[in-house]
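Trainee: I have a structure open in front of me and I'd like to learn how to read it. Can we go through it together?

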Amino acid sequence: MLLLLPLLFKGLLGHGTSTVDPQVPGPHHLAAEESPSFRMIQISSFANHSWTHTQGSGWVGDLQTHGWDSVLATIRFLRPWSQGNFSKEELKNIQALLQLYFHSFPREVQAYASQFQFEYPFELQVSFGCLIHTGKALETFLNGAYQGLDFLSFQENSWKPSPGAGSRAENVCKVLNHYRIIKEVVQRLLSDTCPRFLAGILKAGKSELERQVKPQAWVSKGPSPGPGRLLLVCHVSGFHPKPIWVMWMRGKQKHPGSRRGDVLPNADGTWYLRVTLDVSAGEAAGLSCRVKHSSLGGQDIIIHWGGYSFFSILICLIVIVTLVMLVIVDSSFKKQSSNQDVFSISHPAFPTEAKTKDPRNLGHQLCLAQESWIKNRLLKWKARLSQL
């Protein structure tokens with residue numbers, strides 16, 4: 001029957017020997033933007049009385065860390081640190097339990113499908129896990145869905161139907177609540193096994209989970225939505241972690257027409273997002289794309305429609321002005337050097353002194369020193385701008 005995982009786990013999953021505090025806070029960006037969590041997700045599709053298909057996965061926040069190989073019936077560890085601090089014996093037991101569960105679950109559901117009025121074809125989803133709030137408070141959850149709609153959950157050591165799920169969910173919960181051992185095992189998995197595993201995996205994957213990569217942003221024009229209209233596109237790429245805020249703005253006001261796409265993965269583990277805006281050609285002036293991300297330290301990226309951000313324009317101006325200054329300085333010293341050559345020719349009586357105090361050498365050295373000073377100042381300006 002639905003959600004028989006705890007019963008199948010009974011007696012097979014022993015208490016771990018980990019000494020890691022299950023309430024250690026998670027990585028900075030997770031704590032700042034969302035509570036560190038680990039969840040297992042199961043999606044089981046039932047086409048008829050004989051055909052079923054199940055997918056299983058494990059996630060730390062928005063990052064998938066585990067998968068289930070339905071052919072080999074094994075756990076796939078998708079990160080080098082996905083095993084956390086659990087021992088090989090603990091992981092072996094968990095894999096054996098999952099093998100038993102994924103083998104038995106479809107049969108149990110099909111056996112009780114008629115009694116609980118599950119109409120083929122249908123789909124069941126299960127979400128099981130725990131999260132740690134910033135204040136170290138532990139929260140656990142086990143939710144079941146039928147056809148994509150909330151069906152039931154496990155709360156306060158009891159199965160409860162979801163609001164609006166109807167009599168079908170009430171009947172399932174009534175049956176499950178008769179099994180005291182099932183509830184005890186579920187409670188143990190939620191309150192002990194999950195937080196220990198979460199604490200271990202947060203510690204083992206700390207370097208990757210805490211990685212901060214600043215986004216790169218630019219704007220472009222998309223395919224025309226129609227006569228006299230523009231599709232403005234704000235591209236944001238190369239950022240990590242995944243949570244990000246991007247919006248088209250008019251001044252300090254959010255534009256209600258902004259349309260956010262899916263956050264997609266890049267090959268290097270960073271993320272990409274585009275946000276579009278359909279406007280009339282006459283309304284494009286004054287619009288800007290604003291980007292907020294944890295890696296930016298509170299300094300948002302703002303790109304004005306027209307192609308370039310304020311800082312990009314400022315940097316370009318600084319580079320151009322500096323190059324002009326270098327050309328002027330170089331021309332000045334070349335002229336000074338030429339004048340000194342004339343002086344040397346008109347005073348041949350001092351060959352030794354001219355050799356030891358050659359104005360051309362002095363002018364060249366002074367020119368090099370001046371160029372070095374200007375370049376150093378430019379580097380300092382760039383460093384300060386990058387902190388803005």
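Mentor: Sure, let's start with some vocabulary. Helices (H) and strands (E) are DSSP runs, numbered from the N terminus. With those labels we can place Gln-147 in the loop between strand E6 (138-146) and strand E7 (149-155).

Trainee: How many helices and strands are there in the chain?

Mentor: The chain has nine helices and 17 strands. Keep in mind that this is a predicted model.

Trainee: Then what is the mean pLDDT of the chain?

Mentor: pLDDT is the predictor's confidence in each residue, from 0 to 100. Here the chain's mean is 81, and 72% of its residues reach 70 or more. Over residues 14-33, though, the pLDDT is below 50, and that stretch has 45 contacts in the model beyond near neighbours in sequence. Residues 348-363 are also below 50, with four such contacts. Where pLDDT is low, the predicted coordinates should not be read in detail.

Trainee: Okay, on to the cysteines. How many disulfides does the structure hold?

Mentor: Two. One of them joins Cys-130 and Cys-194, with the sulfur atoms 2.1 Å apart. This pair links distant parts of the chain: Cys-130 sits in strand E5 (residues 122-132) and Cys-194 in helix H5 (residues 180-204), 64 residues apart.

Trainee: Is that disulfide left-handed or right-handed, and why?

Mentor: Look at the torsion about the S-S bond. For Cys-130 and Cys-194 it is about -90°, so the disulfide is left-handed.

Trainee: And are Cys-130 and Cys-194 buried or exposed?

Mentor: Buried means under 20% relative accessible area. Cys-130 has 0%, so it is buried. Cys-194 is buried too, because its value is 5%.

Trainee: What about the link between Cys-234 and Cys-289?

Mentor: Their sulfur atoms are 1.9 Å apart. With -80° about the S-S bond, this link is left-handed. Cys-234 belongs to strand E10 (residues 229-239) and Cys-289 to strand E16 (residues 287-292), so to speak two distant parts of the chain, 55 residues apart. Both Cys-234 and Cys-289 are buried.

Trainee: What pattern do the disulfides of the chain follow?

Mentor: Count the bonded cysteines along the chain, and you get 1-2, 3-4.

Trainee: Now the backbone. Where can I find a cis peptide bond?

Mentor: Check omega. Tyr-120 and Pro-121 are joined by a cis peptide bond, with omega about -15°. Pro-121 lies in the loop between helix H3 (88-112) and E5. Another cis bond joins His-240 and Pro-241, where omega is about 5°. You'll find Pro-241 in the loop between E10 and strand E11 (245-250).

Trainee: You mentioned Gln-147 earlier. What is its phi?

Mentor: Its phi is positive, about 55°, although Gln-147 is not a glycine. Gln-117 has a positive phi as well, near 60°. Gln-117 lies in the loop between H3 and E5.

Trainee: How accessible are Gln-117 and Gln-147?

Mentor: Exposed means over 50%, and partly exposed lies between that and buried. Gln-117 has 51% relative accessibility, so it counts as exposed. Gln-147, at 40%, counts as partly exposed.

Trainee: Last one: what share of the whole chain is buried?

Mentor: Buried residues make up 39% of the 388 residues. As for the surface, the chain exposes about 22,000 Å², and carbon and sulfur atoms supply 57% of it.

Key: Residues numbered from 1 in each chain as written. Predicted model: local features only at pLDDT ≥ 70, side-chain atom pairs only at ≥ 80, totals over all residues. Heavy atoms only, no water. Contact = heavy atoms within 4.5 Å. Disulfide = S-S within 2.5 Å. Helix = DSSP H or I, 4+ residues; strand = E, 2+ residues; numbered from the N terminus. Buried < 20%, exposed > 50% of the residue type's maximum accessible area, 1.4 Å probe, protein only. Areas by Shrake-Rupley, 256 points an atom, 1.4 Å probe, with all protein chains shown as cover.
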